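Hi,

Here is the structure I promised to pass on. Have a look first, and my notes follow underneath.

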Amino acid sequence: MTDIADLQDRTLMIVEDDDALRTQLAKALGKRGFSVTTSASVTGAIGLLEPSPPAFAVVDLRLDDGSGLSYIEALSTRRPDARPIVLTGYGNTPTAVAAVKHGAIDYLAKPTTADEIVAALLAPREGRAAPPDNPIDPDAARLDHMQRIYRESGDNTTEAARRLNMHRRTFQRRMKKLRETMQRASPV
């Protein structure tokens with residue numbers, strides 16, 4: 001892996017519509033040596049590509065005004081050596097394949113850490129970043145995702161279940177079961 005201190009161009013664009021996450025990522029990646037610019041939309045990020053496209057990008061897949069893949073494609077056209085990664089809470093194989101076809105070098109599922117993002121951004125082109133030492137527990141990731149959708153739905157169970165494409169009662173049972181599993185797993 002390359003060290004950030006060895007790089008001449010440390011410019012990084014973060015395209016994320018979640019204000020809190022965008023701010024947190026910008027702060028964390030800035031502390032790790034990147035020169036960070038942010039945007040909450042695809043349109044805004046594409047508008048910032050000129051005159052100098054960034055060397056790195058962390059792009060959310062689903063944004064309020066479209067797909068983050070549009071930004072990755074525009075970035076790859078203007079700067080073929082750019083190293084964009086997709087960061088999403090809606091991870092699945094077809095979207096991962098689409099991200100790579102559009103020019104992404106990696107695809108990370110939320111939640112993730114700043115160190116994992118840096119590892120993916122700086123991984124050698126021939127290989128991928130090493131797996132994390134302490135991977136996120138799948139139940140914790142599932143619970144975090146469901147809780148995030150619930151919060152984004154205004155704490156409305158019916159709306160959260162609709163967004164997750166499941167019945168309201170199924171959503172409630174899964175949330176309860178995941179919370180119980182996480183409570184048993186965490187030391188008291």
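What covers the buried residues of H5? Strand S1 (11–15), H1, S3, strand S6 (83–88) and S7 are among the elements that do it, through contacts, meaning heavy atoms within 4.5 Å. Seven of the nine residues in H5 are buried, so the helix is mostly covered; buried means under 20% relative accessible area, exposed over 50%, and partly exposed in between (1.4 Å probe, protein chains only). The buried ones are Ala 114, Ile 117, Val 118, Ala 119, Ala 120, Leu 121 and Leu 122.

Some housekeeping before you read on. This is a predicted model, where local features need pLDDT of at least 70, side-chain atom pairs count only at pLDDT 80 or more, and totals for chains, interfaces and linings use all residues. Residues are numbered from 1 along each chain as its sequence is written, and side-chain values use heavy atoms, with hydrogens and water left out.

Now the overall picture. The chain has eight helices and seven strands; these are DSSP runs numbered from the N terminus, with helices (H or I) of at least four residues and strands (E) of at least two. Of the 188 residues, 38% are buried. If you take contacts between residues at least 6 apart in sequence, 61% of them join residues at least 24 apart.

Next, a pocket. The second largest one holds about 520 Å³ of space, and 24 residues line it, with Glu 16, Asp 18, Leu 21, Lys 110 and Arg 148 nearest its centre. Helix H1 (19–31), strand S4 (62–63), helix H5 (114–122) and helix H6 (138–152) each give two or more residues to that lining. (On a 1 Å grid over the protein atoms alone, a pocket is an open set of points where a 1.4 Å probe fits, with protein on both sides within 12 Å along at least five of seven lines; lining residues have an atom within 4 Å of a point. Points are joined across faces, edges and corners, and the volume is the space filled by probe spheres set on them.)

There are two aromatic pairs in the whole structure. One of them is Phe 34 with Phe 56, edge-to-face at 5.3 Å centre to centre and 80° between the planes. It links distant parts of the chain: Phe 34 sits in the loop between H1 and strand S2 (35–39), Phe 56 in strand S3 (residues 56–60), 22 residues apart. Both Phe 34 and Phe 56 are buried. (Rings of Phe, Tyr and Trp, the last by its six-membered ring, pair if their centres lie within 6.5 Å; planes under 30 degrees apart count as stacked, over 60 as edge-to-face and the rest as tilted.)

Finally, the backbone. Most residues other than glycine have a negative phi, and most peptide bonds are trans. Here, a cis bond joins Glu 50 and Pro 51, with omega about 5°, and Pro 51 is in the loop between helix H2 (42–47) and S3. Another cis bond joins Lys 110 and Pro 111, omega about -5°; Pro 111 is in the loop between S7 and H5. Asp 155 has a positive phi near 60°, lies between H6 and helix H7 (157–163), and is partly exposed at 47% relative accessibility. Asn 165 also has a positive phi, about 60°, in the loop between H7 and helix H8 (168–185), and counts as exposed at 71%.

Cheers
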